Amino acid sequence: MIINRLKHLLGAGMTLVGTLVLWAVPASVQAEWGLNLQRPVTEIARVQYDLHMLIMYIVTVIGIIVFAIMFYSIIKFRKSKGAQAAKFSHSTKAEVIWTVIPTLILIVMAVPSTKALLLMEDTTESDMVVKVTGYQWGWHYDYMEEDVSFFSKLATPQSQITGTETKGENYLLEVDNHLVLPVGQKVRILLTARDVIHAWWVPQLGGKKDAIPGFINEMWVRADETGTFRGQCAELCGKDHGFMPIVVDIVDEGQYQAWLDGQRNNG
Amino acid sequence: MTTTVADHHHDEVPKGITRWLFTTNHKDIGTLYLWFSFIMFLVGGAMALVIRAELFQPGLQVVDPHFYNQMVTVHALIMIFGAIMPGFVGFANWMIPMMIGAPDMALPRMNNWSFWLLPFATSLLILSLFVPGGGPAAGWTIYPPLSVQGGMGVDLTIFTIHILGMSSILGAINIIATIMNMRAPGMTLMKMPLFIWTWVITAFLLIAAMPVLAGAVTMLLTDRHFGTAFFDPAGGGDPVMFQHIFWFFGHPEVYILILPAFGIISQVIPTFSRKPLFGYTSMVFATAGIAFLSFIVWAHHMYTVGMPLSGELFFMYSTMLIAIPTGVKIFNWMATMWRGSLTFETPMLYAIATVALFTVGGLTGLMMAITPADFQYHDTYFIVAHFHYVIFCGSVLGMFSGVYYWLPKWTGHMYDETLGKWHFWLTIIAFNVTFFPQHFLGFAGMPRRIPDYSLQFAEFNVISSIGGFVLGFSQLILLVVVIKAIRGGKKASAEVWENPEGLEWTVPSPAPYHTFATAPEVK
């Protein structure tokens, strides 16, 4: 298995401008290897993904041009091949060109980026609110309109971490109580922390946001499909920073209501 | 320009340990800085190997998470403040007087002091690993409230930063005073070698940025011990304010780490292209432009803290602007090589690698400037890959280029070219094996600063760790090269290379203890 994967890697080639790998390797292999951003399941994550691909294509092309010119110079203008040095030391025309063209490229990049940001920051007209509180080392979720709240901590046993037991499929990405959200609803997520700064991040649902003591940050999520999505704390928060995962179950409306009822009965 | 009889009279080198303790000679102090930097490079590198050993496989095998966090923190602090910054000050000490035709630095006694502060400062930092509670473990950015939780190791770190900051400011004052006042007759500002230009701009950045860091860590200290609440929300403070102050220092800091390297390769590339530097004037203005922009982009390190939309837009646009002057520099170096007559001695190999791989880091930097996408990249291994491409491939490879370029001038002997090439190829290949896969780890969602990871990240981490160990041990080759060149080898001529530009090539190799007692004339 690993040998096969290594072969794949060597086959893809560790090119110098390696984002090329993303072009050369089919999407299925990318998913298996984790070469690219995780498959987006919300509008925000999709916008981020598309923007990421657009910018990466642009910088890859720039990178290839720069490398091509450099390697051309290295091969063509060798003293050992009898190259004679020219004497020029400036060219206003060239300098204007390579100031103006990058400026234009930056403007092309800035337009979709600004649009994406406007979308992400629009937390209005949400269907429901969940408050997320980070603490050392786990998360607390509070469904503010539903009178449901609970803690969520790492469920991977210590024996798997120290290696006395075989590591499970979702090693370090499993928790005791999942966050459950309804599909298709705009969920406004409020973030804060009890002790130090944490960051709540489920890559497939969109970007991360810091959970900061004394502050309320906000973000929103509207999942397009049901499923289980996993993430981690992304801000160094002390000894067990690497051991505070996030698991979100996206379920349909009926299941969500049933789950809420179950939670209330437990409480 | 010629060595006079009077020069020889003064050219008696003091003997014994007091030569190094009490020296006011710019070459001796430069040597001290460079050795100190190299030792710190190995110490910081050893810590990086602890990190890579722990990350070799999923699970906890080598260290506990708290010690892992200390390694992450101290590795960065040592590399930034102990290896790279002093390394460049070493180059400044050796080369600035010789490149501008001055007999020494303007403030030689202060020069001695600014060096001798360093070993004490970094000793405090390393000692912190052995006090109760261990060393700093909140990352080199020491964000509160986490850094307020730490033990006395954090206090030792704060004092380390104070002393290092003092050393840097003294060094910067000295460099500015030297460059402004001691240039040889005829060397106008726009005739200064680019290395001098980049260093004078760096020195201004240091004077502007280091006191800001000192202020931030002092507030941290009073929060920890004297009941203030600058960063404690329970007392009306603001933890995000620390991040703003820190990065107002921190972003200029990254240019402090890179600009002198740009200066070095701007000396090296023309020499081995046998062609003058392309676009000297635009290089100077691009450097100044980068320095200016460095003060208005700081919050791109903190897109996820919950800034207002207008703030996120401002910092995105200003950050994207940096691509323009940086691009100008890259294109100018390429144009210098264009239609040149290239040879590929080790300094040139390193200079080319600096341009090429720094470009990779610069382009990933542009990706991260895009705020919406950075919400995915932020605090992942993509960031780790990015800043090693810019700091290792920019600053450190630039420094290697400079070491090989001027080593014959310093020691009077040619270095071993075969070993130099081994060092180059092992470093470049191992570097890319170590850090290129980290781009993918970051994309796939591996957060930085974690001692253990889920199974989908296993393969790339194995590759990265193997690369890391090769990279680390390859650096010992440089030690061998330098020691061999000090002990002997082929005698170097005054010019060393083929018609290199610059006053440093008009003095014999090795450079006499005192140079330019009489100022040379620059036409």
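What follows is a walk through a predicted model, taking in chain A, its contact with chain B and one helix of chain B.

Chain A first. Its fold is built from seven helices and ten strands. Of the 267 residues in chain A, 37% are buried. Looking at the contacts in chain A with a separation of 6 or more, 65% link residues that sit 24 or more positions apart.

Some of those strands come together as a sheet. Five of them line up in chain A in the order S4-S10-S9-S6-S7, giving an open sheet with mixed pairing. At the edges are strand S4 (179-182) and S7 of chain A, each of which pairs on one side only. Going from one strand to the next, the twist averages 30 degrees. Inside that order, strand S9 (residues 227-233) of chain A runs antiparallel to strand S10 (residues 245-251) of chain A, and six bridges connect the pair. To pick out one position, Gln232(A) faces Pro245(A) of S10(A). Helix H7 (residues 253-266) of chain A is laid across S4 and S10 of chain A, and its direction makes an angle of about 140 degrees with S4(A).

Next comes the contact between the chains. Chain A puts in 79 residues and chain B puts in 80 residues. On the side of chain A that touches chain B, at least two residues each come from helix H1 (2-12), helix H4 (43-76), helix H5 (92-120), helix H6 (158-162) and strand S7 (209-211) of chain A. The most generous of these is H4(A), with 15 residues. By type, the residues on this side of chain A split into 42 nonpolar, 24 polar and 13 charged. Strand S7 of chain A thus turns up twice, as an edge of the sheet and as a supplier of residues to the side that touches chain B.

Over in chain B, helix H17 (residues 458-487) lends itself to a quick length check. With 30 residues at 1.5 Å a residue, H17 of chain B should span 44 Å, and its end C-alpha atoms lie 45 Å apart, so the two figures agree. The buried residues of H17(B) include Phe460(B), Leu471(B), Leu478(B), Val481(B) and Ala485(B). Also among them are Glu459(B), Asn461(B), Ser464(B) and Ser465(B), along with the glycines Gly467(B) and Gly468(B). After H17(B) comes Gly489(B), with a positive phi near 120 degrees.

Technical notes
Residues numbered from 1 in each chain as written. Chains lettered and ligands numbered in written order. Predicted model: local features only at pLDDT ≥ 70, side-chain atom pairs only at ≥ 80, totals over all residues. Contact = placed C-beta atoms within 7 Å. Helix = DSSP H or I, 4+ residues; strand = E, 2+ residues; numbered from the N terminus. Nonpolar A, V, L, I, M, F, W, Y, C, P; charged D, E, K, R; others polar. Pairing = 2+ DSSP bridges. Axes fitted to C-alpha atoms, helices over the stretch in contact; angles between N-to-C directions. Expected span 1.5 Å × (residues − 1). Buried ≥ 20, exposed ≤ 12 C-beta atoms within 10 Å, placed from the backbone.
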